[in-house]
Amino acid sequence: MPVRVLGREDVEPLLEGVGALGTGGGGDPAWGRVIMERDLRQGLTYRIIPPEEVPDDAVVVSGGYMGAGKTLEEMGFEKVVADWDRRFELLEALRAMEGLLGRKVEYVVPFELGGLNTPVMLSLAARAGVVMVDGDALGRAAPETQMTSFIGHGVRLTPMPLVDRSGNTVIVREAAYPAYADELGRWVVTRGGGTGANTHYPMTGAELKRAVVPGTISLALKVGRAILEARARKEDPVAAFCRVAGGTLLLRGRVTEVSGEDRGGFYVTWVTVEGAAAPPERMRLVIKNETMAGWLDGRLVAVFPDLLCLLDPATGRGIMSVELAEGLEVCVVGVPCHRRLREALDTPEGAAAFSGTRYGCPELEYRPIEELIKDLG
């Protein structure tokens with residue numbers, strides 16, 4: 001079985017890659033570095049496997065860590081991770097899922113790509129003694145648990161065990177509408193110590209193969225290495241990102257306006273970026289933890305789940321949405337999402353889960369980024 005072991009040499013490329021592809025969210029890569037360096041020092045082994053190599057009858061579950069970034073920073077992330085040696089909420093959620101299924105989980109798959117939620121799933125797999133799938137449900141980060149390729153390919157989100165930092169365990173067995181489990185989870189976490197973890201989307205290996213966005217860990221490693229190599233050679237790291245990720249530079253400029261608020265655990269903002277060229281173009285972004293849609297001079301150029309990646313022009317580093325402030329230089333790069341997400345959008349479940357209503361833009365209808373930008377100069 002072609003299991004790949006990730007080592008210390010993979011830490012920085014992976015964190016660079018997930019940070020760039022995370023579309024402004026998914027957790028700060030600095031947190032991921034704390035997780036990975038500590039795990040590797042303690043001798044934990046990170047193993048990943050291509051989805052096509054997972055047996056059809058295997059038990060696979062997804063999962064992730066929950067909590068507002070400000071809460072994690074206030075706690076001190078080093079302390080949060082150190083506490084996992086005593087009690088790891090995500091492992092407890094995995095054991096709760098096994099109790100519900102009546103079977104041992106054999107593989108785990110990340111919910112999203114991000115600086116926290118990719119490393120935390122590697123840590124879960126290593127601590128549980130299982131293998132992590134080289135893939136996830138998005139190929140980017142997203143603000144809500146139902147926003148996945150899984151949900152449009154017949155994989156149920158529930159049951160969803162949720163374990164918070166205070167020791168409470170809540171299980172969502174059924175949900176009448178797609179966003180319910182996520183909404184309840186946010187409510188529980190805010191009242192249970194500010195952080196928590198959940199497992200969800202139990203599936204077979206056969207279902208995984210039909211629903212997952214494959215190879216995203218490998219892609220993040222390639223993207224990260226390309227950025228790091230370009231940086232070392234004093235070449236354009238944003239161009240390197242575009243080449244490997246299949247992206248298009250939509251605008252290079254400076255943030256001129258940021259307005260928003262922390263709402264229910266999500267930082268929702270409207271951001272204006274003014275281009276550096278003359279006459280300046282102007283891009284408007286709506287962000288709910290992650291960039292969800294963008295307009296260039298009033299024209300729609302990208303809609304979730306297509307990616308709008310925010311990169312530092314000098315380093316290619318992925319910029320977190322909470323870093324955006326007036327005067328910050330940024331490159332906005334558009335990347336088409338994987339076809340599995342577009343297939344999900346064609347189902348009633350996927351359309352409801354991904355709806356622009358979830359980020360304040362109910363009027364938006366998805367169109368592929370390739371169509372939206374085809375006439376741009």
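**Group meeting talk: a walk through the predicted model**

Let's begin at Leu251, which sits in strand S11, residues 248-263. Before I go on, please keep in mind that this is a predicted model. Is Leu251 buried or exposed? With a relative accessibility of 4%, under the 20% cut-off, Leu251 counts as buried. Leaving aside residues up to four places away in sequence, Leu251 touches Val273, Glu274, Gly275, Glu281, Met283, Leu296, Val330, Cys331 and Val332. As for Ser355, it is 104 residues from Leu251 along the chain, and the two C-alpha atoms are separated by 25 Å.

Now let me zoom out to the whole chain. We have 13 helices and 17 strands here. The C-alpha trace spans about 65 × 45 × 40 Å along its principal axes. For those of you who like a quick sanity check, a compact globule of 377 residues would have a radius of gyration near 21 Å, and the 19 Å of this chain agrees with that. Buried residues account for 58% of the 377. If you take the contacts between residues at least 6 apart in sequence, 75% of them join residues at least 24 apart.

A word on the surface and the charges. The accessible surface comes to about 14,600 Å², and carbon and sulfur atoms hold 49% of that. There are 42 positive and 52 negative side chains, with the centres of the two sets 3 Å apart.

On to the interior. In soluble globular proteins, nonpolar side chains tend to be buried together. Here the largest nonpolar core has 100 residues, and Phe77, Trp84, Val108, Val120, Phe150, Phe241 and Tyr359 are those with the most contacts inside it. Which helix gives the most to this core? That would be H6, residues 119-128, with 7 residues. There is also a second, separate core of 19 residues, and our friend Leu251 belongs to it, along with residues including Leu324, Val332 and Ile373. You may remember Val332 from the list of residues that Leu251 touches.

Next, please find helix H1, residues 11-21. Of its 11 residues, 10 are buried, so H1 is largely enclosed by the rest of the structure. Among the buried ones are Val11, Pro13, Leu14 and Leu15, and also Glu16. What covers them? The cover includes helix H2 (29-41), H6, helix H9 (216-232), helix H10 (237-245) and strand S16 (307-311). So H6 turns up twice in this talk: as a contributor to the largest core, and as part of the cover over H1.

Finally, some backbone details for anyone who likes checking torsions. Most residues other than glycine have a negative phi, and most peptide bonds are trans. Thr23, in the loop between H1 and H2, has a positive phi of about 55° although it is not a glycine. At 0% relative accessibility, Thr23 counts as buried. Asn289 also has a positive phi, near 65°, and lies in the loop between strand S13 (282-288) and strand S14 (290-296). Asn289 is partly exposed, at 22% relative accessible area.

And where are the cis peptide bonds I wanted to show you? One joins Thr158 and Pro159, with omega about 5°; Pro159 is in the loop between strand S6 (135-136) and strand S7 (160-164). Another joins Phe304 and Pro305, with omega about 15°. Pro305 is in the loop between strand S15 (299-303) and S16, and S16 is part of the cover over H1 that we met earlier. Thanks for listening!

Methods: Residues numbered from 1 in each chain as written. Predicted model: local features only at pLDDT ≥ 70, side-chain atom pairs only at ≥ 80, totals over all residues. Heavy atoms only, no water. Helix = DSSP H or I, 4+ residues; strand = E, 2+ residues; numbered from the N terminus. Rg over C-alpha atoms; globule rule 2.2 N^0.38 Å. Buried < 20%, exposed > 50% of the residue type's maximum accessible area, 1.4 Å probe, protein only. Contact = heavy atoms within 4.5 Å. Areas by Shrake-Rupley, 256 points an atom, 1.4 Å probe, with all protein chains shown as cover. Lys, Arg positive; Asp, Glu negative; His and termini not counted. Charge placed at Lys NZ, Arg CZ, Asp CG, Glu CD. Core = buried A, V, L, I, M, F, W, Y, C linked by side-chain atoms within 4.5 Å.
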